[in-house]
Amino acid sequence: MNSTGCADLDTANLGAMILDEMLDAVILADPDGVIRLWNRGAEVIFGYSSAEAIGAPLDMIVPQRLKLAHSIGFRNAVRSGHLKTHGEVMTTRANHKYGCRLYVDFSFGLLKDEGGALLGVFAVGRDVTVRHMEQIAMAN
């Protein structure tokens with residue numbers, strides 16, 4: 001405890017602690033499209049445990065009709081080192097483990113090492129299914 005009566009922060013593990021507690025999904029795929037990081041938020045949103053997701057192909061959450069477009073976009077980002085959606089939040093469809101169809105707001109980024117080599121592609125996602133369905137209902 002510090003002088004304010006609060007526990008001292010373990011700054012060495014602070015990033016991992018925050019990542020683990022986030023309600024948003026945080027996903028990292030290597031340049032081959034294999035999931036390497038899958039936080040608790042991703043578990044809740046998509047239904048797959050970290051043990052199931054890590055090592056699996058990223059497209060396991062991509063609906064069948066979007067797999068080709070996703071694959072092309074992912075490969076282009078890896079090849080070029082740039083994202084066409086950089087700085088934008090994109091609402092897209094995704095699949096839950098048990099077949100539910102979701103609407104997810106995703107923002108994407110590229111993880112590079114100090115020399116600029118691509119280590120992976122990451123996404124931060126939030127389930128917006130309820131909001132999206134309400135907007136569709138109001139439009140009709």
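The largest share of the lining of the largest pocket comes from helix H4, which supplies seven residues. Here a pocket is an open set of points on a 1 Å grid over the protein atoms alone, with protein on both sides within 12 Å along at least five of seven lines, and a lining residue has an atom within 4 Å of a point. This is a predicted model, in which local features need pLDDT of at least 70 and side-chain atom pairs count only at pLDDT 80 or more, while totals for chains, interfaces and linings use all residues. Residues are numbered from 1 along each chain as its sequence is written, and side-chain values use heavy atoms, with hydrogens and water left out.

Let us stay with the pocket for a moment. The space in the largest pocket comes to about 640 Å³, where a volume is the space filled by probe spheres (1.4 Å) set on the grid points, joined across faces, edges and corners. The lining numbers 27 residues, and His70, Gly73, Phe74, Met90 and Phe108 are the closest to the centre. At least two lining residues each come from E1, H4 (67–80), E3 (90–95), E4 (101–112) and E5 (118–127). Sorted by class, the lining holds 18 nonpolar, seven polar and two charged residues; Ala, Val, Leu, Ile, Met, Phe, Trp, Tyr, Cys and Pro count as nonpolar, Asp, Glu, Lys and Arg as charged, and the others, Gly among them, as polar.

H4 itself passes a simple length check: its 14 residues should span 20 Å at 1.5 Å a residue, and its end C-alpha atoms are indeed 20 Å apart. The expected span is 1.5 Å times one less than the number of residues. Just after H4 comes Gly81, with a positive phi near 75°.

Now for the whole fold. The protein has five helices and five strands, taken as DSSP runs (H or I, at least four residues, for helices; E, at least two, for strands) and numbered from the N terminus. Their order from the N terminus on is α-β-β-α-α-α-β-β-β-α. The C-alpha trace spans about 55 × 45 × 30 Å along its principal axes.

E1 (residues 25–29) also belongs to a hairpin with E2 (residues 35–38), and the two pair in the antiparallel sense over three bridges; pairing requires at least two bridges found by DSSP. Ile27 has Trp38 in E2 as its bridge partner. Five residues lie between the two strands, and Gly33 in the turn has a positive phi of about 85°.

Finally, which contacts join charged side chains? The whole structure has six salt bridges, each a side-chain nitrogen of Lys or Arg within 4 Å of a carboxyl oxygen of Asp or Glu. In one of them, Arg40 meets Asp20 at 2.7 Å, N to O. Arg40 lies in H2 (residues 40–46) and Asp20 in H1 (residues 14–21), so this pair ties together parts that are 20 residues apart in sequence. Asp20, Glu21 and Arg40 are linked in a network of salt bridges.

Another salt bridge joins Glu52 and Lys97, with the closest N and O atoms 2.6 Å apart. Glu52 sits in H3 (residues 50–53) and Lys97 in the loop between E3 and E4, 45 residues apart. Arg36 and Asp30 form a further salt bridge at 2.9 Å between the closest N and O atoms. Asp30 is buried at 12% relative accessibility, whereas Arg36 is partly exposed at 46%; buried means under 20% relative accessible area, exposed over 50% and partly exposed in between (1.4 Å probe, protein chains only). Of the 140 residues of the protein, 32% count as buried.
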